[in-house]
Amino acid sequence: MSRWTKFLLAVILGAAAGLFYGWVVNPVEYVDIAPESLRVDYKTDFVLMVAEAYQVDRDSGLAVRRLALLGSSAPTDLVTNAFDYATEHEYAPQDLSLLKSLGEALEVWNPNLEVPTP
Amino acid sequence: MKQDRRGSWYLLTGAVLGAAVGLFYSWVISPVKYVDAPPYALRIDFKDEYRALVAAAYGYSGDLLRAGDRLAQLKDDDAAQSLAMQAQRALAEGRPEAEVQALGILAMALNEGVLPAIPSLTPMQIVTDLPATRTINPTELLVQPVSSITLSPQPSHTPTDIVLTPKPTSSSQPVIPATPTPTQGALFQLNDTRLVCNQDQPQPLIQVEIQDAAGQPVQSIELVVIWDGGEDHFFTGLKPELGLGYADFSMAPYVVYSLRLAEGGKVVNDLIAAECQSEDETRYWGSWMLTFIQP
């Protein structure tokens, strides 16, 4: 085996070790993520919590502000996605009902009627 | 025959070069992407939002198990304490009252391990279900405090005591178990002052215990401590493991402090760190324990 072949083999082994270290042993860690990066089931639960809280305060504007943490998608889309996921994964009927209720409230919500808060 | 004197260093060079390329690729060009992140990876302010939302949702469902599961996703060391501290911060930052209350209620429920409150419970029953957890076992006081404590009158205001009262419910609305609301009532009064000698607690403290008329601890009470050239505020309930009505403040030796409740009441003057002495004549700092009770 020529020296160049051995050299290239060493480079490949080194690269493999580097990739293993960088991807497995010590991968890049995202410790300060935003809620929009949450896994879909956590996102769904997040929306469900918003729906539960909405039943207490009946504040559509507050619900929208809470949902805004999940990204720039339309609030109704976020709720629809959560409802679809919840339906697909057979969430409890009362949870589905809560999501549906929130979705319906947001359908008729008019941001122009919001009273500005200080 | 010519001998190769270059040795095998080229192999190490190749391996190092390869490793550098591999790390560059795995860390910079194509790092691991966390697109399906769990809640514990949230930024700290988003964690606060998450906790507040869990608490708000708990206000609807009263499902302590579900709330606990959700909070567990944040991997806090002590979920109840995190909630209590966030409630205190929220209170200090002037966050909406509903948020502070929701956080406080959930912190209390988790801390005490109570089952979700049910509508039939009266406020008094709810309060009675929360036993005081504070236990202090001071050693015998061997040295008298170096100062006496005097009380001076202060203009009275409405206290910030919080009691649990049920919210109105309707047949079509989910039942809100109980919501703390400020009530008019008598001011908290200083009931007891004593020096606590505990060698395990060498740092002198001003310890405060606040109880309502039923003898139950009252959290979220703001206390103001003043000394020559300084002032600080602290709250009851920040250390739920010591009781929801408990708060403490670290004293500096030889500094004279005054303490009062933020919303009024008498000022406790001349609080100064006092020494204790153990049986082997070791001297150490004691702590002042002040108990305020609503008459």
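What follows is a guided walk through a predicted model with chains A and B, going from its nonpolar interior to its surface, its disulfide, its salt bridges and two backbone angles.

Let's start on the inside. The largest nonpolar core has 52 residues. If you want a place to center your view, try Val47(A), Leu67(A), Leu102(A) and Leu106(B), the residues with the most contacts inside this core. Both chains contribute to the core: on the chain A side, helix H2 (40-57), helix H3 (60-67), helix H4 (75-88) and helix H5 (93-107) each give two or more residues, and on the chain B side helix H2 (44-61), helix H3 (64-72), helix H4 (79-92) and helix H5 (97-112) do likewise. H2(A) provides the largest share, nine residues.

For a closer look at one of these centers, pick Leu102(A). Leaving aside residues up to four places away in sequence, Leu102(A) touches Val47(A), Val50(A), Ala51(A), Tyr54(A), Ala63(A), Leu67(A) and Val79(A). Two of the names in that list, Val47(A) and Leu67(A), may sound familiar, since they are also among the residues with the most contacts in the core.

A second core, separate from the one just described, has 25 residues, including Cys197(B), Ile206(B), Cys276(B) and Leu290(B). The two cysteines in that list deserve a stop of their own. Over all chains the structure holds one disulfide, and this bond joins Cys197(B) to Cys276(B), with an S to S distance of 1.9 Å. Cys197(B) sits in the loop between strand S4 (189-196) and strand S5 (205-211) of chain B, while Cys276(B) belongs to strand S11 (residues 275-277) of chain B, so the bond ties together parts that are 79 residues apart in sequence. The torsion about the S-S bond is about -75°, and the disulfide is therefore left-handed. Are the two ends of this bond buried or exposed? Cys197(B) is buried, at 0% relative accessibility, and Cys276(B) is buried too, with a relative accessible area of 1%.

Now move out to the surface. Phe20(A), Tyr21(A), Trp23(A), Val24(A), Val25(A), Phe24(B), Tyr25(B), Trp27(B), Val28(B) and Ile29(B) form a nonpolar patch there, and together they have about 990 Å² of accessible area. Helix H1 (3-25) of chain A and helix H1 (9-29) of chain B are the elements that give two or more residues to the patch. Trp27(B), for instance, lies in helix H1 of chain B. Trp27(B) has a relative accessible area of 35% and so counts as partly exposed.

Charged side chains come next. Side chains of opposite charge can pair when their charged atoms come close. A search over all chains finds 13 salt bridges, and a good way in is to follow Asp48(B) from partner to partner. Asp48(B) forms a salt bridge with Arg51(B), where the closest N and O atoms are 2.7 Å apart. Both residues lie in helix H2 of chain B, and they are three residues apart, about one turn of the helix. Asp48(B) also meets Arg89(B) in a salt bridge, at 3.2 Å from N to O. This second pair links distant parts of the chain, with Asp48(B) in helix H2 and Arg89(B) in helix H4 of chain B, 41 residues apart.

Arg51(B) has a further partner: its salt bridge with Asp76(B) has its closest N and O atoms 3.0 Å apart. Because Arg51(B) lies in helix H2 of chain B and Asp76(B) in the loop between H3 and H4 of chain B, the pair ties together parts 25 residues apart in sequence. Another set of salt bridges, sharing partners, joins Asp45(A), Glu52(A), Asp95(A), Arg66(B) and Arg70(B) into one network. As for burial, Arg51(B) counts as buried at 7% relative accessibility, whereas Arg89(B) is partly exposed at 34% and Asp76(B) is partly exposed at 21%.

Finally, a look at the backbone. Most residues other than glycine have a negative phi. Asp270(B), however, has a positive phi near 60°. Asp270(B) is found in strand S10 (residues 264-271) of chain B and is partly exposed, with a relative accessible area of 32%. Glu281(B) also has a positive phi, near 65°. Glu281(B) is in the loop between S11 and strand S12 (283-285) of chain B, and it is exposed, with a relative accessible area of 59%.

Conventions
Residues are numbered from 1 along each chain as its sequence is written. Chains are lettered from A and ligands numbered from 1 in the order in which they are written. This is a predicted model: local features need pLDDT of at least 70, side-chain atom pairs count only at pLDDT 80 or more; totals for chains, interfaces and linings use all residues. Side-chain values use heavy atoms; hydrogens and water are left out. Patches are made of residues with over 30% relative accessible area and no salt bridge: like charges are joined within 9 Å, nonpolar side chains (Val, Leu, Ile, Met, Phe, Trp, Tyr) within 5 Å. Accessible areas come from the Shrake-Rupley method with a 1.4 Å probe; for residues, only the protein chains shown count as cover. A salt bridge is a side-chain nitrogen of Lys or Arg within 4 Å of a carboxyl oxygen of Asp or Glu. Helices (H or I, at least four residues) and strands (E, at least two) are DSSP runs, numbered from the N terminus. Buried means under 20% relative accessible area, exposed over 50%, partly exposed in between (1.4 Å probe, protein chains only). A nonpolar core is a set of buried Ala, Val, Leu, Ile, Met, Phe, Trp, Tyr and Cys residues joined through side-chain atoms within 4.5 Å. Contact means heavy atoms within 4.5 Å. A disulfide is a pair of cysteine sulfur atoms within 2.5 Å.
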